[in-house]
Amino acid sequence: MFSWITKKNILAVVALPLLVIIAAGWFAFNNEAAPSNPLPDVVDFNQHIRPILSTNCYVCHGPDISTREAGLRLDLRDSATVILESGVAAVVPGDHEASELIRRVSTSNEDDRMPPAEVKKTLSEYEIGLLKRWIDQGAEWKNHWSFEPVTASVPPSVYKKKYIDNDIDRFIVNRLEEAGIKPASKASKESLIRRLSYVLTGLPPTPEGVDAFVNDRSPNAYEKLVDRLLDSPQFGERWARHWMDVVRYADTKGHEFDYPVVGAWQYRDYLIRAFNNDVPYDQLLKEHLAGDLIDEPRMHSEEGFNESLIGTAFFALGEGTHSPVDLVIDESERINNIIDVTSKTFQGLTVSCAKCHDHKFDPIPTADYYSWYGIIKSTRFGIHAANEDTHTKTQISDVESLNAQITQVVADQWENDLKEISTPARVQVDRELPALSQALAQYGDSTIAQPLGDFRGGSFGEWTTSGSAFGANPIAGDIQLNEQKEIVSLGVPRASSAGLSKKLIGSLRSPDFRIDHDYITIRAAGVKSVMRIVIDNFQLIRFPIYGGLEQEVDGEALRDYEFDVAMWKGHPAYIEFLPAWDRGENFFADDSSYIDIEYAYAHTEALKDIVLSTRQQVAQSVDSSAVHSALTRWKALEATSQDVDLLNGLLKGGLLSSAIPGLTPLVEEKQESINNIPDPSLIWGVVDGDGTDHPVFVRGNVQDPSEERVPRRALTIYNENQTPFEGKGSGRMAWASSMADASNPLTSRVMANRIWHHVFGRGLVETVDNFGVQGKMPTHPDLLDYLASRFVEQDWSVKALIRDMVLSQAFQRRVEASEESLERDPQNLLLQHYPTRRLEAEAIRDAMLSVSGRLNTTMYGEAIPVYLSPFMTGRGRPRESGPLDGDGRRSIYISLRRNFLPPMMLAFDMPIPFTTFGKRNTSTVPAQSLTLLNDPFVENQAEHWAKELISLKELDARERIEVMYNTAFSRSAKEEEITDGLAFLETQAATYGLDGGEWANDTRPWKDYCHALFNMKEFIHLI
């Protein structure tokens, strides 16, 4: 152990856990006899009564009919005041003595007393007093505050105008004046720039930045600083990381093998760009829930790719199990997680609590849960090209134009060739069997064989595509060339991802169908592509159970691929074709990936060896008019299989030219355009599936679905008429719009409160993810509504709302509490002073990189592999460890592998990403002190910082200490701190056997001193 741990102000963090324990015991001992609070003059239902009822009564007498006792509801006035069968009313407004509720909560008879003895809850005298006064004052019920419409609150008047910088201060100071508490004065400029820099960018200010701000005497110096930091690229990194907590971001799925979330890092970059560009929050919400359905998607301003589409990766960020035993249960758990995260993130509600029964506290019936369930069930996961930009679209357009020119050149030549056919000619033509549906009709009924898709007729039918790869229709008669650019043949009609280019990504999917047969056979060809049978929307298709549901296509000749699906009979499924290949850990695609498909059918074992694609050669007599008709349809891209067969017969017979003048330069130009298309960068997102209403799982049991189905719709809280969404798709766009609507009472409040939480360290509503009955009441209701209204008025601008907050005096105050504040508001709920707060794990790590000079400010890109210590073991462990310092990159760029999360981040309360964490825990545990003492990253950064210091040859030890304090704490060192620092350096030098002339430029004592400053409380706190 270092000899310096007892130095003054050094390693304060080490003692902190013990001090907290001692202080907690002292506080508990000295508050045993604390007097009860006096009753308020006016008792408010939401503020005083609802918390009592929801905590003690609603389980048996609340919204959930399945657990309701005696037919009594205490959340509704009409039910609570009606005369019961016993002849009494629970509540008699104006008369608490006649109210059965008061008798039951006050009685000493355990058999009569409520809550029942078995729940081990008893109302305090204070709570009973509140109930009595409320009843005597008329027993007014109110809707829960968060379900009421947002009202544009008028800022109140205040007496002390000197504490007012903007309207936010009026709300804060008004409450302080009511409590008789004087606001704290403004913090020093050094404190302000450090506080503001961390809040807005997550990084400490540079010493140069501090000097510039301190010496800027202009009246708007602080405002200029705010605007500069809001415009900083690091702003997006800071606030994207906050949002990643909310959406349970991770780069991998977890479970046994920790499979990757394809392209998750691109969603992270999307967030950074969105916050930096101040994308309106209602737009961001729509992109998360329905970015693939937006009519006019938001395109990247410079590179032109579809930003809105990337937002749908939100759905794919949940945990995943690669071999669940029961797919129906697995799907219900995945959908439940999406409902849970969506409702908490955007509405501040725990909708997933209504999975098995009506919500016990909030007005969310089980039907609401399954209306959302149907929306998500009707949504399919899929791979998108995140980088398909305007340049790509231009190249695609060029290829389409050149294809048309090539077709025209060939058609002109062939029309000339046809002039030579004056009499009917006899040619050999390859003829295929009849269409799939006709061929299978011989088996009599669909229980033996069922066509699922046949693309030889020039249509996708009810199959759907996403991305650009498959185009609008199957292809027919595409020109096949040899190396001499001579036409060898025309391609048979088929669905193809290579109609324009093998560099394009996309998917082709069947409609939903029920598996009723033993086998599915697909006729296909391709390279580095896959066919997948997706059952119960299960995407993580892997062995040992599900590997047979995916087959790689890696042969350029069309052949039959067979899937044995007998064990999944009765399950809903769809077929998916992807011009990408799956190598166990990820999806990949390159310029050779493509897939062609002729047809797919389901059948019983009796059809197992039947071949439905035999072609036979026949002699056919043709005249010029028949050929002209076929050629005309081919030129219009409407050729039938018979047309293609006929033209191929003429080609083989030498009646149509294979060498076409002028074809070669067009083909070469086309290839150049194809070469200019970038290789796709893949990301997992969603597309719309078949819109299907879902039944209720009775008591949450997936084996017990109700007969009736619940229409897909918005929550009844703000959709009282329960109007279902229109349209054939999932309804996600209407779903998103219902939340993004300015009249929605929750959306603007929830986000405004999230922003306040990150600016002040505590939300106006402390339970930032729960605005329901079990959540906390807002400390400043009128201020919250003011902020929510202003948020909408300012076009949902996150930056504008943050700017308002940090420009308030409430944000700029000192952290020291006054005596009256400690006495009357010990939790600082009224914000007499700015609350001291510990930095988040990422900010602590990034600050170490920053002050050590190792911070790499490169933005965006694939995640840096996590550093693997010898203790980080388990299944799915990456083959290679990342660098100890993550190449100096900010923490947001370090891979978050669910099974291998960075220990330092976990020690400082980074949440495990399985649900929404809008508010992190802030623990004080010995592991944090041990991390700062022993973590190799901390030591590594201390050494780098030491090397930076001794490189300052022109500075003596005293001056270097000054530099260190300016860099680490954004302030000058006090004289006693310099004295202690010099003494410490000399002590450490002695332990290394260094004399006075050697230690000044020896890394070792300076490393120890740097390490010591990293352990200061001031380094990891905003004070």
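In this predicted model, Val866 sits in the loop that runs between helix H28 (841-852) and helix H29 (903-907). Being in a loop doesn't put Val866 out in the open, though: its relative accessibility is 4%, so Val866 counts as buried, the cut-off for that label being under 20%. What surrounds Val866, once its neighbours within four places in sequence are left aside? The contacts are Met872, Ser881, Gly882, Ile894, Ser895, Arg897, Phe900 and Pro902. Take Ser895 from that list: Val866 and Ser895 are 29 residues apart along the sequence, yet their C-alpha atoms are 5.5 Å apart in space.

Next comes a residue in a strand. Ser496 belongs to strand S7, which covers residues 495-496. With a relative accessible area of 2%, Ser496 is buried. The side chain of Ser496 has a couple of polar partners to look at. One is the side chain of Asp596, joined to that of Ser496 by a polar contact of 2.5 Å. Another is a piece of backbone: the Ser496 side chain reaches the nitrogen of Ala498 at 3.0 Å. Not counting residues up to four places away in sequence, Ser496 touches Ala469, Phe470, Ile475, Ile595 and Asp596. Asp596 therefore turns up twice, as a residue that Ser496 touches and as its side-chain polar partner at 2.5 Å, a distance that fits the 3.5 Å limit for a polar contact.

Now for some helix packing, with helix H8 (residues 189-201) and helix H10 (residues 221-230). Their axes come within 10 Å and cross at roughly 25 degrees. Because angles under 35 degrees get that label, H8 is roughly parallel to H10. The crossing of this pair is right-handed. On the H8 side, the contact is made by Lys189, Leu192, Ile193, Leu196, Ser197, Leu200 and Thr201; H10 brings in Ala221, Tyr222, Leu225, Val226, Leu229 and Leu230. Sorted by type, the residues where H8 meets H10 are ten nonpolar, two polar and one charged.

H8 also packs against helix H9 (residues 207-214), with the axes 10 Å apart and an angle of about 130 degrees. That angle makes H8 oblique to H9. The crossing of H8 and H9 is right-handed. Here Lys189, Glu190, Leu192 and Ile193 of H8 meet Gly209, Val210, Phe213 and Val214 of H9. This contact breaks down into five nonpolar residues, one polar and two charged. Lys189, Leu192 and Ile193 of H8 appear in the contact with H10 and also in the one with H9.

Methods. Residues are numbered from 1 along each chain as its sequence is written. This is a predicted model: local features need pLDDT of at least 70, side-chain atom pairs count only at pLDDT 80 or more; totals for chains, interfaces and linings use all residues. Side-chain values use heavy atoms; hydrogens and water are left out. Helices (H or I, at least four residues) and strands (E, at least two) are DSSP runs, numbered from the N terminus. Buried means under 20% relative accessible area, exposed over 50%, partly exposed in between (1.4 Å probe, protein chains only). A polar contact is a pair of N or O atoms within 3.5 Å; within protein, one must be able to donate a hydrogen and the other to accept it, and residues adjacent in sequence count only if both atoms are side-chain atoms. Contact means heavy atoms within 4.5 Å. Axes are lines fitted to C-alpha atoms, for helices over the stretch in contact, and angles run from 0 to 180 degrees between N-to-C directions. Angles under 35 degrees count as roughly parallel, over 145 as roughly antiparallel, 65 to 115 as roughly perpendicular and the rest as oblique. A crossing is left-handed if the near helix is turned anticlockwise from the far one by less than a right angle, and right-handed if clockwise. Ala, Val, Leu, Ile, Met, Phe, Trp, Tyr, Cys and Pro count as nonpolar, Asp, Glu, Lys and Arg as charged, and the others, Gly among them, as polar.
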